[in-house]
Amino acid sequence: MIRWLIRAARFLRENLKRRGPRWIDIGAVDEFPFNAARVVVRRGVPIAVFHDETGISVIGDICPHMGASLSEGTLHPDGSVECPAHRMRFHLKTGACSIGPVYSARVFRFRRQNGRLEAFL
Ligand code: FES
C-alpha cells in the first residue's frame, strides 16, 4: 500500500509538473447531489466533490492518513467529513485534520463556469 502511494505521488508530481496546473472541467453543477459526495478523476487525480449545507467543496478523495476514500466517509454538520477507515475528520473547506496538521487533506480551488464546475489542478 505504501509503495503504491509513493509511486502514485511520484507519478502525479511528475505529471503535474510537466503540464502545469490549470482549470479542469469536473462536471455540471447539478450533477453533484445535495448531502452527498461524488468522485471524479481528472489528470489521474481522484477528486471528491461534496455538496452540503456549507456549499460545494472539492478535495482529494485519497485520505492522507492511509489512503481510504473520503467520499465514502460520513458528512458532519460542521462541514467536515469523517474518514471511513479510522474516523479522522477533515474540514471540507480547509482540509484541516481533527488530530492536527500532520494529515491535512488536499483541497482544490474551484469555480463555476456557465453551470459547470472547474477545479484548479
Ligand atoms: S485512512 Fe483515513 S483516517 Fe486512516
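In the predicted model, strands S1 and S9 run antiparallel and are joined by 5 bridges. One of the residue pairs is formed by Trp 23 and its bridge partner in S9, Phe 120. Strand S9 also pairs with S8, again in the antiparallel sense, over 4 bridges. Here Phe 110 has Ala 119 of S9 as its bridge partner. Together, 3 strands make up an open antiparallel sheet in the order S1-S9-S8. S1 and S8 (residues 110-113) are the edge strands, each pairing on one side only. Neighbouring strands in this sheet are turned against each other by 30° on average, with direction ignored. Strands of a sheet pair through backbone hydrogen bonds, and the pairing may be parallel or antiparallel.

The connection between S8 and S9 is a hairpin with 2 residues between the strands. Asn 114 lies in this loop. Its phi is positive, about 50°, although Asn 114 is not a glycine. Asn 114 is classed as exposed because 7 other C-beta atoms lie within 10 Å, and a residue counts as exposed with 12 or fewer.

Gly 27 belongs to strand S1, which covers residues 23-28. Gly 27 has 16 C-beta neighbours inside 10 Å and therefore counts as partly exposed. Apart from neighbours within four places in sequence, the contacts of Gly 27 are Phe 32, Val 40, Arg 116 and Leu 117. Gly 27 and Ala 119 are separated by 92 residues in sequence, while their C-alpha atoms are 9.7 Å apart in space. The loop that follows, between S1 and S2, contains Asn 35. Asn 35 also has a positive phi, near 60°, and is a residue other than glycine. With 9 C-beta neighbours inside 10 Å, Asn 35 counts as exposed.

A second set of pairings involves S2, S3 and S4. S2 and S3 run antiparallel and are joined by 7 bridges. Within this pair, Val 41 stands opposite Pro 46 of S3. The two strands form a hairpin with 2 residues between them, where Arg 43 takes a positive phi near 55°. S3 is in turn joined to S4 by 6 bridges, and these strands also run antiparallel. His 51 has Ile 56 in S4 as its bridge partner. S3 and S4 likewise form a hairpin, with 2 residues between the strands. In a regular strand, side chains alternate between the two faces of the sheet.

The largest nonpolar core contains 23 residues, and those with the most contacts inside it are Ile 47, Ala 48, Val 49, Ile 59, Leu 70, Phe 90 and Ala 119. Two or more core residues are given by each of the strands S2 (36-42), S3 (45-52), S4 (55-60) and S9 (116-120). The largest share, 4 residues, comes from S3. Ile 47 illustrates how residues from separate parts of the sequence come together. Not counting residues up to four places away in sequence, Ile 47 touches Ile 26, Val 39, Val 40, Arg 42, Val 58, Gly 60, Asp 61, Phe 108 and Ala 119. In soluble globular proteins, nonpolar side chains tend to be buried together.

Over the whole protein chain there are 1 helix and 9 strands. Along the sequence the helix precedes the strands, giving the pattern α-β-β-β-β-β-β-β-β-β. The radius of gyration is 14 Å, close to the 14 Å given by the globule rule for 121 residues, so the chain is as compact as a globular protein of that length. The C-alpha atoms fill a box of roughly 40 × 35 × 20 Å along the principal axes. Of the 121 residues, 26% count as buried. Among contacts between residues at least 6 apart in sequence, 39% join residues at least 24 apart.

The confidence of the prediction varies among the elements. The average pLDDT of the chain is 91, and 95% of the residues score at least 70. Helix H1 (residues 2-19) has the lowest mean pLDDT among the elements, 73, whereas S9 has the highest, 97.

Technical notes. Residues numbered from 1 in each chain as written. Predicted model: local features only at pLDDT ≥ 70, side-chain atom pairs only at ≥ 80, totals over all residues. Core = buried A, V, L, I, M, F, W, Y, C linked by C-beta atoms within 7 Å. Buried ≥ 20, exposed ≤ 12 C-beta atoms within 10 Å, placed from the backbone. Contact = placed C-beta atoms within 7 Å. Pairing = 2+ DSSP bridges. Axes fitted to C-alpha atoms, helices over the stretch in contact; angles between N-to-C directions. Rg over C-alpha atoms; globule rule 2.2 N^0.38 Å. pLDDT = per-residue confidence, 0-100.
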